Amino acid sequence: MARTDPRITNDSPIARLRIEQFWLVGKKTAEKMHKMGIYNGAQLRDYSLQGLTAAFGKAGQMFYDFARGIDDRPVVKDWVRKSVGCERTYEHDIHTKAAV
């Protein structure tokens, strides 16, 4: 039986989130989800665990859980920032340092 927070309804904040707003969903993952007909949290919740893990591997389980309001990661109240970073996704793969 799936663990689902009963407050996660079609009008809940999670259901209304655009798929791009979910943790771990970047440009490529969002494009893949869009091709699967997933544009928001409600549509993500409607997908089966089997379907999500087939499409996204281990991350499929996390997407399945997040859409149902399940996040078993411990809450860390106090933490020390170890670094500051910035990333950029290029439209095409870069193979040399000079191209960056």
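## Starting from the last helix

The buried residues of helix H5 are covered by, among others, H1, H2, H3 and H4. That's a handy place to begin, and one thing to know before going on is that you're looking at a predicted model. Which residues of H5 are the buried ones? They are Gly 60, Phe 63, Tyr 64, Asp 65, Phe 66 and Ala 67.

Let's step back and take in the whole chain. The protein chain has five helices and zero strands, so if you read from the N terminus the elements simply go α-α-α-α-α. The C-alpha trace spans about 50 × 40 × 25 Å along its principal axes. The radius of gyration is 16 Å, whereas a compact globule of 100 residues would come in near 13 Å. Of those 100 residues, 24% count as buried.

A few more chain-wide numbers help. The protein chain exposes about 8,100 Å², and carbon and sulfur atoms supply 53% of that. There are 17 positive and 12 negative charges, and their mean positions sit 3 Å apart. Now take the contacts between residues at least 6 apart in sequence: 44% of them join residues at least 24 apart.

Now for the inside. In soluble globular proteins, nonpolar side chains tend to be buried together. Here, the largest nonpolar core has 13 residues, and the ones with the most contacts inside it are Ile 19, Met 33 and Leu 44. Helix H2 (27-35), helix H4 (49-56) and helix H5 (58-67) are the elements that give two or more residues to this core. Which of the elements gives the most? That's H5, with four residues.

Leu 44 is a good residue to click on. Leave aside its neighbours within four places in sequence, and Leu 44 is in contact with Ile 19, Phe 22, Met 33, Ile 38, Leu 52, Phe 63, Ala 67 and Arg 68. Two of those partners, Phe 63 and Ala 67, also turn up among the buried residues of H5.

Next, try Ala 42, which is found in helix H3 (residues 41-46). Is Ala 42 buried or exposed? Its relative accessible area is 12%, so Ala 42 is buried, the cut-off for that being under 20%. Ala 42 and Ile 14 are 28 residues apart in sequence, yet their C-alpha atoms are 7.4 Å apart in space.

Over in helix H2 you'll find Ala 30. At 4% relative accessibility, Ala 30 counts as buried too. Not counting residues up to four places away in sequence, Ala 30 touches Ile 19, Glu 20 and Val 25. Asp 11 is another matter: Asp 11 and Ala 30 are 19 residues apart along the chain, and their C-alpha atoms are separated by 21 Å.

The loop between helix H1 (13-16) and H2 holds Leu 24. Most residues other than glycine have a negative phi. Leu 24, though, has a positive phi, near 80°. Its relative accessibility is 39%, so Leu 24 counts as partly exposed, a label that covers the range between the 20% and 50% cut-offs.

Leu 24 also leads us back to H5, by way of Met 62. Met 62 lies in helix H5, and outside its neighbours within four places in sequence it is in contact with Trp 23 and Leu 24. At 30% relative accessibility, Met 62 counts as partly exposed. What about Met 62 and Leu 52? They are ten residues apart in sequence and 9.2 Å apart in space, C-alpha to C-alpha.

Finally, follow the chain out of H5. Gly 69 comes after the helix, with a positive phi near 75°. Further on, in the segment after H5, is Gly 85. Why does Gly 85 count as exposed? Because its relative accessible area is 71%, and exposed means over 50%. Gly 85 and Thr 53 are 32 residues apart along the chain, and their C-alpha atoms are separated by 29 Å.

Methods: Residues are numbered from 1 along each chain as its sequence is written. This is a predicted model: local features need pLDDT of at least 70, side-chain atom pairs count only at pLDDT 80 or more; totals for chains, interfaces and linings use all residues. Side-chain values use heavy atoms; hydrogens and water are left out. The radius of gyration is taken over C-alpha atoms; the globule rule is 2.2 Å times the number of residues to the power 0.38. Buried means under 20% relative accessible area, exposed over 50%, partly exposed in between (1.4 Å probe, protein chains only). Contact means heavy atoms within 4.5 Å. Accessible areas come from the Shrake-Rupley method with a 1.4 Å probe; for residues, only the protein chains shown count as cover. Lys and Arg count as positive and Asp and Glu as negative; His and the chain ends are not counted. The place of a charge is taken as NZ of Lys, CZ of Arg, CG of Asp or CD of Glu. A nonpolar core is a set of buried Ala, Val, Leu, Ile, Met, Phe, Trp, Tyr and Cys residues joined through side-chain atoms within 4.5 Å.
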